[in-house]
Amino acid sequence: MLTITQELHDAIVAHARKDHPDEACGVIAGPVGSGRPERFIPMLNAARSPTFYEFDSADLLKLYREMDDRDEEPVVIYHSHTATEAYPSRTDVSYASEPGAHYVLVSTAECGNDEGPVSFRSFRIIEGEITEEEVRVVDSY
C-alpha cells in the first residue's frame, strides 16, 4: 500500500493538470529504507509529449546524486496520462527500473488543465509484472 500525504497527492495532481496536454513526470524522495514519500521533485518531461514521458538524463543524474548525498531514494515515481486511463503502458513497464518504488499514474483525460475528476492510482512494477496497490491519503505522517 502507498501511504501519501494530502499535500503530496495534491502536488502531483496539480503538476499533471499544469503540464496537460503533455505528460507530467517527477519523483518523491524519502529517507532510504523508510518507504515514506517526503520530498516532491517535479521533473521536466524531456520528450514534451502527450503520449510519452522521459526524464532528461542530465537532470536524472543530478537528482540521483542529490538523493545519494541526502541518504534518500525514489519512493514514488509519477507521471500522467493525458488521454488514457491511469494504468502503466508497455513503455512505462519497460522503463520501470526501481523495484522498490511506487509507480503513481494520474489520468487527466477527463479534466485536462481544469478542476475536475482525475484518476490517481499506484502500482508496483517488478520484472515486468504490474500489481496495483491501495492508496491511502493522510493528513501527515
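This passage looks at an annotated domain, a phenylalanine and the salt bridges of a predicted model.

In the UniProt record, an unreviewed entry, residues 2-126 are listed as "domain: MPN". Helix accounts for 26% of this stretch and strand for 32%, while the C-alpha atoms at its two ends lie 16 Å apart.

A good place to start is phenylalanine 55, found in the loop between β3 (39-43) and α2 (57-69). With a relative accessible area of 17%, phenylalanine 55 falls under the 20% cut-off and is therefore buried. Beyond its neighbours within four places in sequence, phenylalanine 55 is in contact with eight residues listed here by name: Cys25, Gly26, Val27, Met43, Leu44, Ala46, Leu60 and Ile77. Serine 94, 39 residues away in sequence, has its C-alpha 14 Å from that of phenylalanine 55.

Turning to charged pairs, the whole structure holds nine salt bridges. One of them joins arginine 39 to glutamate 66, with 2.7 Å between the closest N and O atoms. This pair ties together distant parts of the chain, since arginine 39 sits in strand β3 and glutamate 66 in helix α2, 27 residues apart. Arginine 39 is buried at 18% relative accessibility, whereas glutamate 66 is partly exposed at 29%.

Glutamate 72 and arginine 70 form another salt bridge, at 3.5 Å from N to O. Here the acidic partner, glutamate 72, is buried at 14%, and arginine 70 is partly exposed at 48%. Arg39, Glu66, Arg70 and Glu72 belong to a network of salt bridges.

A further salt bridge brings arginine 124 and glutamate 133 together at 3.4 Å, N to O. Arginine 124 is partly exposed at 25%, while glutamate 133 is buried at 13%.

Methods: Residues numbered from 1 in each chain as written. Predicted model: local features only at pLDDT ≥ 70, side-chain atom pairs only at ≥ 80, totals over all residues. Heavy atoms only, no water. UniProt positions renumbered as here; feature names shortened; annotations may be inferred. Helix = DSSP H or I, 4+ residues; strand = E, 2+ residues; numbered from the N terminus. Buried < 20%, exposed > 50% of the residue type's maximum accessible area, 1.4 Å probe, protein only. Contact = heavy atoms within 4.5 Å. Salt bridge = Lys/Arg side-chain N within 4 Å of Asp/Glu carboxyl O.
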